[in-house]
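Here is a quick walk through a two-chain model, written for someone who would rather be at the bench. Have a look at it first, then read on.

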2 protein chains.
Amino acid sequence: MGAKIFSEKHQITFYETDVTNTVTPAMLVNMIILASEDQTDSLGVGAKAVADLGIGWVVTQYKMDITRLPKQGETIEVSTQATCYNRYFAFREFWVHDSEGRECVHVESIWVTMNHETRKIVTIPERIIAPSHSEKVKMIPRLSRPKKLTEADQLMTKQYRVRYFDIDGNGHVNNSRYFDWLLDALPMSFLTRHNLTSINIRFENEVQYHHIVTSEATLMTDIPDSIVTKHRITMENGDVATEAECHWEPIINHSAQA
Amino acid sequence: MGAKIFSEKHQITFYETDVTNTVTPAMLVNMIILASEDQTDSLGVGAKAVADLGIGWVVTQYKMDITRLPKQGETIEVSTQATCYNRYFAFREFWVHDSEGRECVHVESIWVTMNHETRKIVTIPERIIAPSHSEKVKMIPRLSRPKKLTEADQLMTKQYRVRYFDIDGNGHVNNSRYFDWLLDALPMSFLTRHNLTSINIRFENEVQYHHIVTSEATLMTDIPDSIVTKHRITMENGDVATEAECHWEPIINHSAQA
């Protein structure tokens, strides 16, 4: 009697991929969110039903483990379940499999329900989670915190103004935008030569239309045999919007191998 | 014996829409380009086959006439044909229909083939267009030029840095990005209160990764009974990347009607 699993297929288009024809982390997040929306809609507890209670679901953290990011033209299967929850937190998992059934991505995520008026976190109403057969638990699984940037870190920095088309149908900046801002702070020469193997992202404060945000990134040099970048997005008042930690592996150039 | 028509269906996701749950012009362009890629692929003259000749297709102008932009969740049908061509120019049309078969959008576009090395326009090779049953003509249909900004125009201006994720699998800035830059120059209060009824966009010069571009827009005040905005994207050296002209109609607030 575990949580209900919902799955849907999707063929990856060119406009969901990057210069290497690989799906972008931002678009992958859009695809998994679509699956969770389609699941909750199918169970009668979709965004509209939840909004009728004066609340909305908000993601506070994603931890993505990536075996392989799919390529343009591939048909993937996106699966999700509302694994477990307690009074204030829901733990939802996602999986992306390729057409041969191999797992490409596993995502753990933590969600809260927020009052639309007060923007305060509220107790998760039983009736919006019961149809998912989510397990009620004392403690949901803990996700580690992204490592923090320190004073000593040498930063790569870029600024972004929140655009009209960054705002989604809920009137908020689409979550996927933060992934673009975080990763674009890294040089193209790094991004085209490394595969993302994991990303751990925490959302702290929401940014708004016309805000200017600063995306800061650093490459950690003190961890042997692993390639780790730390990221932070800050607002004009200095508040942290998002923190993230990414792990990478070098792309092996097969043509250069004997 | 007209040109072959190719059609495919697509369900519009939340991440292809804006704050009003309406498909964005940028995403609409992505969808029609996908249809033309799927058509040419199915005819054996897709991007890869064309690249093998050392050339690539480049759009120089789109003219979109919009009856209605579809909404999130709708299943649309995107159709396209390579209507006609001459030595240097190909004229391709697109249609978007809703699930009841009503035309939502009609797009006329002009394409050239460009040499990958020299970036010069070359004669369109017969063998890449013949499978489309495109009609060979002396003159392809003329599309009007977008009205130009003048010295007297009061400009709204925003700047954009070309980002890593703006670059597509061809190594170029995805055409759809120009639509976001053009329209984001207008205030949100205008964009949420008007429907786009047509857009005429000409691409003059290509922008590159890390370029800073300036998007300038003005509302024309000298055309009675119509709402027209003129747009220009310029590069740091002052060259024009793109010019566009948009027509709009006010959104009628039905709840305010008797």
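Which residues of H4(A) are buried? They are A:Ser176, A:Tyr178, A:Phe179, A:Asp180, A:Trp181, A:Leu182, A:Leu183 and A:Asp184, where buried means under 20% relative accessible area, exposed over 50% and partly exposed in between, with a 1.4 Å probe and protein chains only. That is eight of the nine residues, so H4(A) is largely enclosed by the rest of the structure. Helices (H or I, at least four residues) and strands (E, at least two) are DSSP runs, numbered from the N terminus.

A word on the ground rules: this is a predicted model, in which local features need pLDDT of at least 70, side-chain atom pairs count only at pLDDT 80 or more, and totals for chains, interfaces and linings use all residues. Residues are numbered from 1 along each chain as its sequence is written, chains are lettered from A and ligands numbered from 1 in the order in which they are written, and side-chain values use heavy atoms, with hydrogens and water left out.

Now for the pairing. A turn of 180° and a shift of 0.0 Å along the axis lay chain A on chain B with an RMSD of 0.0 Å, using least squares on the C-alpha atoms of residues with pLDDT of at least 70 in both. That is the relation of a two-fold axis. In chain A, A:Tyr160 has the C-alpha nearest the axis, 4.3 Å from it.

Next, the empty space. The count comes to one cavity of 30 Å³ or more, a cavity being a set of points on a 1 Å grid over the protein atoms alone where a 1.4 Å probe fits but cannot get out. Its volume is about 560 Å³, taken as the space filled by probe spheres set on the points, which are joined across faces, edges and corners. The lining has 34 residues (an atom within 4 Å of a point), and A:Met27, A:Arg177, A:Asp180, B:Arg177 and B:Asp180 lie nearest the centre. Helices H1 (25-42) and H4 (176-184) of chain A, and H1 (25-42) and H4 (176-184) of chain B, each supply at least two lining residues.

Finally, Asp225 has a positive phi in chain A and in chain B, although it is not a glycine.

| Residue | Phi | Relative accessible area | Loop between |
|---|---|---|---|
| A:Asp225 | about 65° | 85%, exposed | E10 (212-219) and E11 (227-234) of chain A |
| B:Asp225 | near 60° | 86%, exposed | E10 (212-220) and E11 (227-234) of chain B |

Key: 1 Å grid on protein atoms, 1.4 Å probe; cavity = no way out; pocket = protein on both sides within 12 Å on 5 of 7 lines; lining within 4 Å.
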